[in-house]
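Okay, thanks everyone for coming. Let me put the structure up, and then I'll talk you through it.

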Amino acid sequence: MIHLDDGSISINGKLVFVSLKRFRDKVCEEKVCFICAEESSEPTKEHIVPDWILKRFSLYNQKIQLPNGTLLPYRQYVLPCCMSCNQLLSRELEAPISKAFKAGFEGVEDFLMKGNRSALFVWLALIFVKMHCKDNSLPLNRDHRENTESIAKELEYDWGLMHHIYCLARASFSEAIIQPEALGSLCIFSLKVDPDAREHFDIGSITFANTFSIRIGDVGIIACFGDGGAVQSKLHQLFLNRIEGKLNFFQFRELLAHFACCRFHLKNPPYFSSLFDIDKSEVTIVCTQIDEEPDFHKIDHSILGKLMKLVLYDSPKDFVEIPNYEQRLLDGDVGFLFDENGVFISHSD
Ligand SMILES: [Zn+2]
């Protein structure tokens, strides 16, 4: 076992632990391979949105809108990676996960039932952390006459937590053992597929609340990072168990706002660390709870309103016939999930 000057740890020539310093100075600056965190002898590119998704939804020439408003073609939305690391990710994560998604909601549900929750969470962590690393190299202000810092610097990303998510994301490479508690909230939802709709693929990332959603066909997933599963339990107590049937676009987006709001109000998130067993040459990612039970700040409804506006106002406003829509979203006056009696509004056929 070798300790590097930057705090990283190498076992048998492989960086099993990448320090926060190396993550920030080298990985996020795109100076090394995103996965092994070393200079690559066979450099290639790792797509931030997995290749099989780009293929399935013909996205190569379409553009993703970045937090600074820039539109970047998906084919250029990449990070440096070695050929061998790229192949490892394909084999360990992308192949089984793409297969599960190919079979739709039941396929992903079955994948989870077979004990793959950790793999699915790691895969989501990988996309989330790749997106945020990329933001490190992009200026917040597109107007180059104004000298702004990167998106990541200007928006003050929490690199400590991002580093934990990175450690999870590269677990296929480091072969780290992940304690189940070190994963966060992860819920899957069955979505209604409207053949006329254009949105069969969608990513929602709410950085300041460490919450992420992805929609692939009829499967919608929402994950929270760094909460040890507290958000999922809390929302189950509140209303998740009342959801019966498939969700439409608005309902799924509303859920994203609720997850992010709840995550934002978590008072005592756990700590995460990587432990080393020198005898076994093994790394374990562990989670330490501060208190016995998760605790939440009293929900500030203006934050929920802002989140509702963020996830619901822009893209589908042309389809909503609600007078004064923007203000009513902000006021928490619009809900798509439940009627006035708290009964789920079903759109299933
Ligand atoms: Zn590599």
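I'll go through the domains, then a helix pair, then a sheet, and finish with some backbone oddities.

Before anything else, keep in mind that this is a predicted model.

So, domains. The assignment we have splits the protein into domain 1, residues 1-175, and domain 2, residues 186-349. Going by C-alpha atoms, their centres sit 22 Å apart. And they do touch: the contact takes in 30 residues from domain 1 and 25 from domain 2. If you look at the domain 1 side, the elements that put in two or more residues are β2 (9-11), β3 (14-17), α4 (104-113), α5 (117-135) and α7 (159-169). The largest share comes from α5, with eight residues. As for what that side is made of, we've got 23 nonpolar residues, five polar and two charged.

Let's stay with α5 for a moment. How do α3 and α5 lie with respect to each other, roughly parallel or roughly perpendicular? Helix α3 covers residues 83-102, and it packs against α5 at an angle of about 105 degrees, with 10 Å between the axes. Anything from 65 to 115 degrees counts as roughly perpendicular, so that's what we call α3 and α5. On the α3 side the contact is made by L93, P96 and I97, and these meet A119, L120, V122 and W123 of α5. By class that's seven nonpolar residues, no polar ones and no charged ones.

Now over to the sheet. This one is open, with four strands in the order β9-β12-β11-β10, and the pairing is antiparallel. β9 and β10 are the edge strands, each pairing on one side only. From one strand to the next, the twist averages 10 degrees. Start at the β9 edge: β9 and β12 run antiparallel and are joined by six bridges, and I188 is found opposite I221 of β12. At the other edge, β10 (201-206) and β11 (211-216) are antiparallel too, over six bridges. If you want one pair to click on there, take S205, whose bridge partner in β11 is F212.

There's also a helix to bring in here, α9, residues 230-238, where A230, V231, Q232, K234 and L235 are buried. Among the things covering those buried residues are β9 (185-190) and β12 (219-224), along with α10 (249-264).

Last part, the phi angles. Just as background, most residues other than glycine have a negative phi. The β10 and β11 hairpin has four residues between its strands, and in it N210 takes a positive phi near 45 degrees. Then there's A37, which isn't a glycine either and has phi near 65 degrees. You'll find A37 in the loop between α1 (20-27) and β4 (43-47). And S58, again not a glycine, has a positive phi of about 45 degrees. S58 belongs to the loop between α2 (51-56) and β5 (63-65).

So which of those two loop residues is buried, and which is exposed? A37 has 24 other C-beta atoms within 10 Å, so A37 is buried, the cut-off being 20 or more. S58 has 10 within that distance, so S58 is exposed, since 12 or fewer is what exposed takes.

That's my tour, happy to go back to any of it.

Terms used
Residues numbered from 1 in each chain as written. Predicted model: local features only at pLDDT ≥ 70, side-chain atom pairs only at ≥ 80, totals over all residues. Pairing = 2+ DSSP bridges. Domains from an automatic or database assignment. Contact = placed C-beta atoms within 7 Å. Nonpolar A, V, L, I, M, F, W, Y, C, P; charged D, E, K, R; others polar. Axes fitted to C-alpha atoms, helices over the stretch in contact; angles between N-to-C directions. Parallel < 35°, antiparallel > 145°, perpendicular 65-115°, else oblique.
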